[in-house]
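Hi,

Here is the model I promised to pass on. Have a look at it first, and then read my notes below.

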Amino acid sequence: MTKNKKIGVWVIWAFLWPAAILLIYKDRPPMIGGAYLSVIGMVILMIVSTFFYFKLRDRDIVVVEGISIATFLIFGLFIEMVIAQLMIIIYAARKRYDKESLYKLPLNALMFLFVSIVSGYIYYFLGGTTGVIKDSGSINILPVLVYGVSFFLSNQVFIFLVTKWVYRQAIVIDKELLWEALTLVLVIPIGLVLYLLYSDMGGKALFFIALPIVTLSVIFHLVNKSYSINRLLQKTSDVGRELTGILDVDDILSLFFKKIQTMLEIDYAYLVMRDDADKRHLTYKYEKKIGLLEHAKMTNRDVLEGWDTKESIRIGTQKELKRKGLASISKLVQSAMVIPYGENDRTLGSVIVASKQKRVYEKHHMIMLKILVNFLFVAINNAKDYEKTKNKSERDPLTNLYNYRFFSEQLDRMFVDTTNRYFSIMMIDLDHFKRINDTYGHESGNSVLCDVSHRLLSIVNDKGLVARYGGEEFIILLPKMDTGAAYTMAEDIRIRLSHEPFLIQTDIGYEGRRFIHITASIGVATAPIQGEDPMSLIRNADRAMYSGAKQQGRNRVATYTG
């Protein structure tokens, strides 16, 4: 929610809340009749119910409808409103809202105010009365049932409006809405029974009804918590399968951070990896306000000293952070988890997540994150192994250029892709290369081949694909480049190779390092005019190189003219 909207919530609450309380006090004055202890008892029941809330659709649900119904029927609308507002304050205090979430207090207060007024006046409109009755047979059930239903529906209407107009999100009708409806079905009879018992027994009835209300709240809390844990573990399994199905390290890390943001309350998250020198470096960094920063470097502001641990850590307050001697990522951080990953007694990295809320991480959250971290590092290792295997199959081991097989596959795709109107290839052969091997040794020859490769890559850059054809021959694919442009680049390559000497470490016959000069003969052919398929295009570029360059004196560029 934006800052302006939060301010707007406070402003609306400041105007509506006192006005509504005052108007209801005048229109529906309290009906206590000296039963102050009973009112206090109702407040205590409300407070107890706030300790056993459960989550539905990312909202905290408190089983208070039964108590609200009884309070309303016994003491009237004003007392019910006041107790509900008091319950909101106590609930907010227990949740320990941070500064950014504090707007939820007036928002929830407005919601309960709206629900109390709407359902209360609907009850009065249907002829319902409040206060203690002498004969249980005289109670009018219909207004009570309508009160309960209107309590539920007005609550949903308010949530719908807030979700749509404040949070700008779509409301979803799902199983969890049925949970709320089921809660209503169970608590309406409890509220009605509490009302009838109170009418018959007075304040003693609170002791008889407190146990089932508290028990029901605890049961809902435990069942929903179990349901939430199972759902979280299912999500963990699904994310794990997604991670291990990706073979790119950056994609794996992006997905990991994207998913854990939806599964945990996170304001800060870090992935700290160890390099081959066993030094730490910050690989990924996430901050809620900034977003994901890829491959962020470790800086002085990234205070992670003390977090490098071999044991998993779960912390709930700033005091615990200080007591354990851990430096804080931010002064606002209250809760944090550190999950290391290691193999063979060596820590390979750690995932750190932190929140501004106190005690936000429970034991099952740490178990879930441990599972995800294991999936993460297994996926990273798999991706690295795949990349190594892929490089071995696609790359020339000496020059690290693409090999001819990979080049051939790319060339085949160029011919299949009908959007390619024209493209060129370039065949390069180093002149008299055998003399270098014979004079200076094969290691020096290999050094020259590597240096030639580097120059070719720097010249071609992202305009094409450079591959080693075999021996001292190279081949270049130039997408969307016609004969003239390819010829110009070929001339640039020829000049760069012939005019700039190569430094070698001699092996035989000479000692030390020395500079040598080489030249190259280059042939160019352009598809589809000079080759209608891969083999004919390569053959024609090769003919241009030998007939037009080699046989004409070498150190030349020739284009196919057949």
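What share of the 562 residues in the protein chain is buried? The figure is 47%. Bear in mind that this is a predicted model, so everything here is computed from it.

To get your bearings, the protein chain has 16 helices and 15 strands. If you look at contacts between residues at least 6 apart in sequence, 68% of them join residues at least 24 apart.

The part I spent most time on is an open sheet of five strands, in the order S10-S11-S9-S14-S15, with mixed pairing. Strand S10 (465–470) and S15 sit at the edges, each pairing on one side only. Going from one strand to the next, the twist averages 20°.

Here is how the neighbours pair up. S9 (residues 423–430) runs antiparallel to S11 (residues 473–479), with seven bridges between them, and Phe423 is found opposite Pro479 of S11. Two helices pack on this sheet. H14 (residues 442–460) touches S9, S10 and S11, and its direction makes about 10° with that of S11. H16 touches S9, S10, S11, S14 and S15, and its direction makes about 140° with that of S14.

On its other side, S9 pairs with S14, again in the antiparallel sense, over eight bridges; Ile425 stands opposite Ala525 there. S14 and S15 (residues 557–559), by contrast, run parallel and are joined by three bridges, with Thr559 of S15 as the bridge partner of Val524.

S14 deserves a closer look. How many of the residues in strand S14 (residues 520–527) are buried? Eight of its eight are. In a regular strand, side chains alternate between the two faces of the sheet. Here Ala520, Ile522, Val524 and Thr526 point one way, while Ser521, Gly523, Ala525 and Ala527 point the other way, and all of them are buried.

One thing to check on your screen is the handedness of the connection from S14 to S15: together with helix H16 (residues 534–550), these strands make a left-handed β-α-β unit.

H16 also has a helix partner. H12 (residues 404–416) packs against H16 at an angle of about 115°, and the axes are 10 Å apart. From H12, the contact uses Tyr404, Phe407, Leu411, Asp412 and Phe415, which meet Pro534, Leu537 and Ile538 of H16. By class, that makes seven nonpolar residues, no polar ones and one charged.

Away from the sheet strands in sequence, there is another helix pair to show you. The axes of H1 (residues 3–27) and H5 (residues 104–125) come within 10 Å and cross at roughly 30°, and the crossing is left-handed. On the H1 side, the contact includes Trp10, Trp13 and Trp17, along with Ile12, Leu16 and Asp27; on the H5 side, Pro106, Leu110, Leu113 and Tyr121 are among the residues involved. The contact counts 16 nonpolar residues, no polar ones and one charged.

Which residues should you select to see the H12 and H16 contact from the H16 side? Pro534, Leu537 and Ile538.

That's the tour. Shout if anything looks odd on your side.

Cheers

Note on methods:
Residues are numbered from 1 along each chain as its sequence is written. This is a predicted model: local features need pLDDT of at least 70, side-chain atom pairs count only at pLDDT 80 or more; totals for chains, interfaces and linings use all residues. Side-chain values use heavy atoms; hydrogens and water are left out. Buried means under 20% relative accessible area, exposed over 50%, partly exposed in between (1.4 Å probe, protein chains only). Helices (H or I, at least four residues) and strands (E, at least two) are DSSP runs, numbered from the N terminus. Two strands pair if DSSP finds at least two bridges between them. A crossover is right-handed if, with the strands pointing away from the viewer, the path from the first strand over the helix to the second runs clockwise. Axes are lines fitted to C-alpha atoms, for helices over the stretch in contact, and angles run from 0 to 180 degrees between N-to-C directions. A crossing is left-handed if the near helix is turned anticlockwise from the far one by less than a right angle, and right-handed if clockwise. Contact means heavy atoms within 4.5 Å. Ala, Val, Leu, Ile, Met, Phe, Trp, Tyr, Cys and Pro count as nonpolar, Asp, Glu, Lys and Arg as charged, and the others, Gly among them, as polar.
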